[in-house]
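Here is a short set of exercises to work through with the structure open beside you. Try each task before reading its solution.

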Amino acid sequence: MKKLLISFFVFIFCTMFLTSCWDRRELNELYIVTALGIDKSEEGYLVTVQLINPGEIESEKSETDTPVTTYQSSGETVFEALRRLTLEAPRRLYGAHLRLVVFGEELAREDGIGKVIDFISRDHEIRTEFYMLVSKNSTAEELLNILTPLERIPANKIISTLEISERVWGSTRRIQLDELVSSLINEGKEPVLTGAIIRGNPDNGGNMKILKKLDVPTAVETRYLAAFKKDK
């Protein structure tokens with residue numbers, strides 16, 4: 001009888017304090033962020049997010065809608081700009097699957113990337129395995145709006161290019177958050193990020209029809225290195 005009572009109280013305790021998935025988030029309530037772009041703006045920062053369109057990713061034969069969608073918003077801080085995106089995006093942004101962060105060249109040259117890195121590194125939801133690069137002669141917003149052939153998610157294409165070019169050609173570097181932070185805080189070591197350019201007219205980069213051409217007129221290429229002094 002004593003063992004039975006003990007088992008009963010243990011069961012009651014478990015039902016009270018082990019309440020399963022109380023903080024779950026359903027996929028249809030979220031937007032998965034695959035890439036993040038940070039530019040300088042008059043207000044402070046222009047933030048661009050590249051979101052996966054799950055319906056189009058599943059439908060490989062779709063020729064109408066794009067596999068990703070981008071939203072932009074400005075704010076005095078990156079945090080404020082991201083929160084303002086909720087005025088337009090109908091779902092909560094989910095950053096745990098972030099794969100790429102792009103800094104606009106103007107921001108990197110004039111204001112530096114230190115405050116942005118500090119914010120990203122403190123975000124509890126964002127992992128540290130994403131790659132970073134600088135958009136040369138264009139904004140991060142323009143670069144993230146370029147669609148890519150073969151690889152339906154543009155961020156994945158850029159990452160694949162980074163990995164292959166570093167291993168085979170050696171003209172680029174894959175840099176993740178931990179390595180960048182280490183370069184920023186250690187004396188005698190300065191950060192280096194890969195630079196990316198837009199080949200062709202950026203205005204045509206979001207047109208699904210150009211992806212059908214044999215020679216795609218607008219594309220993203222990684223071919224430079226951006227050397228920093230501290231965070232600029």
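**Exercise 1. Two sides of helix 5**

Task: Find which residues of helix 5 are exposed and which are buried, and decide how the two groups are arranged around the axis.

Solution. Keep in mind throughout that this is a predicted model.

Step 1. Begin with the exposed residues: K115 and R122 are exposed, on the other side of helix 5 from its buried residues.

Step 2. Now turn to the buried residues of helix 5, which are V116, I117 and I120. They span an arc of only 95° around the axis, so they sit on the same side of helix 5.

Step 3. A general rule helps here: an α-helix has 3.6 residues a turn, so residues three or four places apart point the same way.

**Exercise 2. Helix 8 and its packing partners**

Task: Identify the buried residues of helix 8, and say which elements they pack against.

Solution.

Step 1. Helix 8 runs over residues 177-185, and its buried residues are L177, L180 and S183. Their arc around the axis is only 130°, which means that they lie on the same side of helix 8.

Step 2. Look at the face turned away from that buried side: D178 and I185 are the exposed residues carried there.

Step 3. Follow the buried residues of helix 8 to their partners, which are helix 5 (114-122), strand 6 (131-135) and strand 7 (192-199).

**Exercise 3. Two neighbours in strand 8**

Task: Work out what A226 and L225 touch, leaving aside residues up to four places away in sequence.

Solution.

Step 1. Place A226 in strand 8. With a relative accessible area of 18%, A226 falls under the 20% cut-off, so this residue counts as buried.

Step 2. List the contacts of A226: V134, P191, V192, L193 and G195.

Step 3. Check a long-range pair as well. A226 and E105 are 121 residues apart in sequence, yet their C-alpha atoms are 9.2 Å apart in space.

Step 4. Move to L225, which also lies in strand 8. L225 touches S171, T172, R173, V192, L193, T194 and G195. Its C-alpha atom is separated by 8.6 Å from that of A196, 29 residues apart along the chain.

Step 5. Take one of the L225 contacts, S171, and look from the other end. S171 is found in the loop between helix 7 (154-168) and helix 8, and is partly exposed, with a relative accessible area of 22%. Beyond its sequence neighbours within four places, S171 is in contact with S165, Y224 and L225. The C-alpha atoms of S171 and L225 are separated by 7.6 Å, with their positions 54 residues apart along the chain.

**Exercise 4. Positive phi outside glycine**

Task: For N137 and K230, say where each residue is found and whether each is buried or exposed.

Solution.

Step 1. Phi of N137 is near 60°, a positive value in a residue other than glycine. N137 is in the loop between strand 6 and helix 6 (140-144). Its relative accessible area is 66%, so N137 is exposed.

Step 2. For K230, phi is likewise near 60°, again positive in a residue other than glycine. K230 lies in the segment after strand 8 (219-227). Its relative accessibility is 60%, and therefore K230 counts as exposed.

**Exercise 5. The largest pocket**

Task: Describe the volume and the lining of the largest pocket.

Solution.

Step 1. The volume of the largest pocket is about 380 Å³.

Step 2. Its lining has 17 residues, and those nearest the centre are L82, R83, L93, D123 and E125.

Step 3. Sort the lining by character: 10 residues are nonpolar, 3 are polar and 4 are charged.

Step 4. Ask which elements contribute. Strand 1 (30-40), helix 3 (78-84) and strand 4 (92-94) each supply at least two residues of the lining.

**Exercise 6. The whole chain**

Task: Place these details in the protein chain by giving its elements, burial, contacts and exposed area.

Solution.

Step 1. The protein chain has 8 helices and 8 strands. It has 232 residues, of which 41% count as buried.

Step 2. Among contacts with a separation of 6 or more, 72% are between residues 24 or more positions apart.

Step 3. The chain exposes about 14000 Å², and carbon and sulfur atoms supply 53% of that area.

Terms used. Residues are numbered from 1 along each chain as its sequence is written. This is a predicted model: local features need pLDDT of at least 70, side-chain atom pairs count only at pLDDT 80 or more; totals for chains, interfaces and linings use all residues. Side-chain values use heavy atoms; hydrogens and water are left out. Buried means under 20% relative accessible area, exposed over 50%, partly exposed in between (1.4 Å probe, protein chains only). Helices (H or I, at least four residues) and strands (E, at least two) are DSSP runs, numbered from the N terminus. The arc is that of the directions from the helix axis to the C-beta atoms. Contact means heavy atoms within 4.5 Å. On a 1 Å grid over the protein atoms alone, a cavity is a set of points where a 1.4 Å probe fits but cannot get out, and a pocket is an open set with protein on both sides within 12 Å along at least five of seven lines; lining residues have an atom within 4 Å of a point. Grid points are joined across faces, edges and corners, and a volume is the space filled by probe spheres set on the points. Ala, Val, Leu, Ile, Met, Phe, Trp, Tyr, Cys and Pro count as nonpolar, Asp, Glu, Lys and Arg as charged, and the others, Gly among them, as polar. Accessible areas come from the Shrake-Rupley method with a 1.4 Å probe; for residues, only the protein chains shown count as cover.
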